[in-house]
Amino acid sequence: MKNDLIYFDNAATTFPKPDSVKRAVIECLDNYCANSGRSGHSLSNLASEAVYSVRESVASFLDFEFPERVVFTPGATFGLNLAMKSLISQGSHVLISDIEHNSVLRVAAELERTRGVEYDIFNSSDVPNDVPRLIKKNTTHVVSTLASNVDGSLVDVKELSRISREYGVGLIFDASQLLGHEEFSLNGLNFDALCCAGHKGLFGIQGVGFVVFGNNDGGDGIISGGSGSDSKNLEMPSTLPEKFEAGTLPLPSIVSLGAGIDHINSVGVDNISKRLSAYTSLLEHGLKSIGKVEKIFGRMGILSFTSRDVPCEEVARRLDEYGVCTRAGFHCNPLAHRKLGTYDTGTVRISLSHTNTTDEIERFLNILEHVI
Amino acid sequence: MKTSVFTVGSVTYAIKAKRLLAREGLTSKLVKTDASKSTGGCAYGIEFPTKDLYAAASIMRSAGIYYQHYEK
């Protein structure tokens, strides 16, 4: 990474990755990058053991007892497609939050077209009242992010869990913008599936995500193919995780996810939260002091703003000329922008990692003042 | 030394079984099991000394892992 580059696009993907992650990937590529769960020779078994160890790391990170219920996917979008298409049946009614990324919204719209699934959108700022109000006789699932990718705002997950028990509906979570930033535990939560990317707050490389299946094993998957076992059967195996893992697993990416979780554990999620919170305050304070910055939304390292005079894409382009990487536009989340009142303009998003520094934030604020 | 094999189907459950046995001090090896011993085709399991058969079976039952046993 260039020394003077300021990377503030960590909600898209964290960069740079920790040295320990890079070392783990190289060690895998050099020493045991065989096909896991396939050939049965020593190297393949070593690869299989490495995959299982990362299932254990993910489960342990989430306070979850069953590593075999951790299914690896190519990313969070694939995971959400898998969870929703596997769990939501023809003719059901589902609720999604008003800050869902297109990885949920577009799947809900697709299910409406293809399976006659109805969906309604609940107010994520008023879960206790709005979710029960919208639940119908045929509501089977509530699908919700845990934290917005536009401004970091949270959804009350404990209340969702309580409501899901009371009304007998399943929960599908998107944890992509929360894990690695804030403490989170699945212990005691009532859920069907939690989906997450591996390359964001968990510091893996691109190419891996996961779904943790809770109360429900899901129905059919969305792809079929080789699973390394039960080969004479025309159907995929019936047990997790293989029933949803057709094809060769991306071992280097999976190993990187394990190393990323180790990195977070070594720094401490609590320390990461404190640093992100302090950085957010510093940024917010700095942005407020720049007269031409108009709207500011954000918490826990994810902050969006608009400029009074310059379109957000142009702000991001000018920042890029100074070596500042941000992201402008709608962040694949029109719902969140509708809620924030930025549906017509989009925002410039700054998304931080604990590896950023106060010096970078101060340099950024100076550059921003100059370019808008 | 006589060895036994527990066939469990998937490699994931085989590794889970191997690690559960290891926690109780029992050594086992991850193996791709003989195709002739399973009806579905490729399968995985664990191989361990037959002297540990009863202890291993008890661990598998406690964990709710379904298996098929054969002597090597």
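Here are a few friendly notes on one strand of chain A and on where chain B meets chain A, all from a predicted model.

1. A good place to begin is strand S7 of chain A, residues 193-197. Five of its five residues are buried, so the strand is largely enclosed by the rest of the structure. Recall that a residue counts as buried if 20 or more other C-beta atoms lie within 10 Å of its own.

2. If you turn S7(A) over in your viewer, you will find both faces covered. One side carries Ala193(A), Cys195(A) and Ala197(A), the other Leu194(A) and Cys196(A), and all of these are buried.

3. Now for the neighbours of S7(A). Strand S6 of chain A, residues 170-174, runs parallel to S7(A) and is joined to it by three bridges. Within this pairing, Phe173(A) has Leu194(A) as its bridge partner.

4. Strand S8 of chain A, residues 209-213, is also paired with S7(A), here in an antiparallel arrangement with five bridges. Look for Cys196(A), which stands opposite Phe210(A) of S8(A).

5. Moving on to the two chains: 17 residues of chain A are in contact with 15 residues of chain B. On the chain B side, helix H1 (11-23) and strand S2 (29-32) each supply at least two of the residues that touch chain A. H1(B) gives the most, with five residues.

6. What classes of residue make up the side of chain B that touches chain A? That side has eight nonpolar residues, five polar ones and two charged ones.

Conventions. Residues numbered from 1 in each chain as written. Chains lettered and ligands numbered in written order. Predicted model: local features only at pLDDT ≥ 70, side-chain atom pairs only at ≥ 80, totals over all residues. Buried ≥ 20, exposed ≤ 12 C-beta atoms within 10 Å, placed from the backbone. Helix = DSSP H or I, 4+ residues; strand = E, 2+ residues; numbered from the N terminus. Pairing = 2+ DSSP bridges. Contact = placed C-beta atoms within 7 Å. Nonpolar A, V, L, I, M, F, W, Y, C, P; charged D, E, K, R; others polar.
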